[in-house]
Amino acid sequence: KPAVIKYNISRDDIIIGRILGEGFFGEVHEGVYKKRTGGEKISVAVKTCKDCSMDVKEKFMSEAVTMKNLDHPHIVKLIGIIEEDPVWIVMEICRHGELGKYLVQNQPNLPNVTLVLYAMQICKALAYLEGLHMVHRDIAVRNVLVASPECVKLGDFGLSRYIEEEYYKASLSRLPIKWMAPESINFRRFSSASDVWMFAVCMWEIMSRGQQPFFWLENKAVINHLEQGVRLPKPEECPPTLYTLMCRCWAYDPQERPKFTELVCILSDAQKMEKEQEAE
Ligand code: ATP
């Protein structure tokens, strides 16, 4: 089926419900989408664009276009776009919301086996993006959504871009310093290797059950610490092998960091180990 038909949905087919969250461009609502063929009703999330000037609309739409080309079990699926004002992006709903909040709320009930599962799923999504030569640039638990207690998905492409060259030079604003690789902070260089660094920070957030990375430092102090070789400490209940893995991802030289494909293998082994230990 051509993409044009697939994404051509009508506003009349959607009933908007309560607000799920606040986005950069506007609110994200819960909704119901009634399919024309068969009349099947599905729950969706609808992203709206509040002050949609031409400029903003372009950015908002480019986010949707990026999502439209992706198809992965751990990336939120785009269902459709309504291009006439007010622009709506209709996507798959993840009922349990942001992973960061979910981790904090469910702390005592989350065993390591589940945490490693989340890390592995995010890693698989990132390996998929790397295969498409895409750099995400904003990997953090706040941008991961929980579809079910056993399934998380990458949900935010606000900062991501296709890259033609090896690196993409970014603008200064809205940078998540505490998640960023040194070359991203110093030279605004973003690559799959800097995504690997960020992924390890995200993994640290997961293994510490929702703590803020470097909450004890100010943004401007972070780069000095990194330059001196200081890294995030091992989260209390994190298996040492996984902490060693994170530290490899925090190699100062981007070329020394592991690739996502390797990380997927190591994490799926670690997940099996945790499963076996749990069964004992
Ligand atoms: P930012 O760039 O600041 O992260 P954004 O514009 O990209 O914001 P999102 O983070 O994607 O917006 O969405 C805002 C909030 O809406 C999320 O934190 C989440 O609570 C909710 N939300 C977004 N997408 C979904 C979804 N598919 N299912 C359920 N909730 C969602």
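Begin by selecting the ligand in this predicted model together with its surroundings: 20 residues form the shell, and those lying closest are Gly21, Gly23, Phe24, Val28 and Ala45. Two elements, β1 (14-22) and β5 (88-92), each give two or more residues to that shell, and colouring β1 separately is worthwhile, since with 3 residues β1 gives the most. If you then colour the shell by residue class, you should find 10 nonpolar, 6 polar and 4 charged residues around the ligand.

Next, select Lys47, which sits in strand β3 (residues 41-48) and which UniProt, in an unreviewed entry, marks with the feature "binding site". Is Lys47 buried or exposed? Lys47 counts as buried because 23 other C-beta atoms lie within 10 Å, where the cut-off for a buried residue is 20 or more. Leaving aside residues up to four places away in sequence, display the contacts of Lys47, which are Gly23, Val28, Trp88, Ile89 and Met91; of these, Gly23 and Val28 are also among the residues closest to the ligand.

Finally, zoom out to the whole protein chain and switch to a cartoon view, in which the secondary structure comes to 9 helices and 11 strands. The radius of gyration is 19 Å, close to the 19 Å that the globule rule gives for 280 residues, so the chain is as compact as a globular protein of that length. The C-alpha trace spans about 55 × 50 × 35 Å along its principal axes, and colouring by burial would show buried residues making up 35% of the 280 residues. On a contact map, among contacts between residues at least 6 apart in sequence, 64% join residues at least 24 apart.

Terms used
Residues numbered from 1 in each chain as written. Predicted model: local features only at pLDDT ≥ 70, side-chain atom pairs only at ≥ 80, totals over all residues. Near = placed C-beta within 6 Å. Helix = DSSP H or I, 4+ residues; strand = E, 2+ residues; numbered from the N terminus. Nonpolar A, V, L, I, M, F, W, Y, C, P; charged D, E, K, R; others polar. Rg over C-alpha atoms; globule rule 2.2 N^0.38 Å. Buried ≥ 20, exposed ≤ 12 C-beta atoms within 10 Å, placed from the backbone. Contact = placed C-beta atoms within 7 Å. UniProt positions renumbered as here; feature names shortened; annotations may be inferred.
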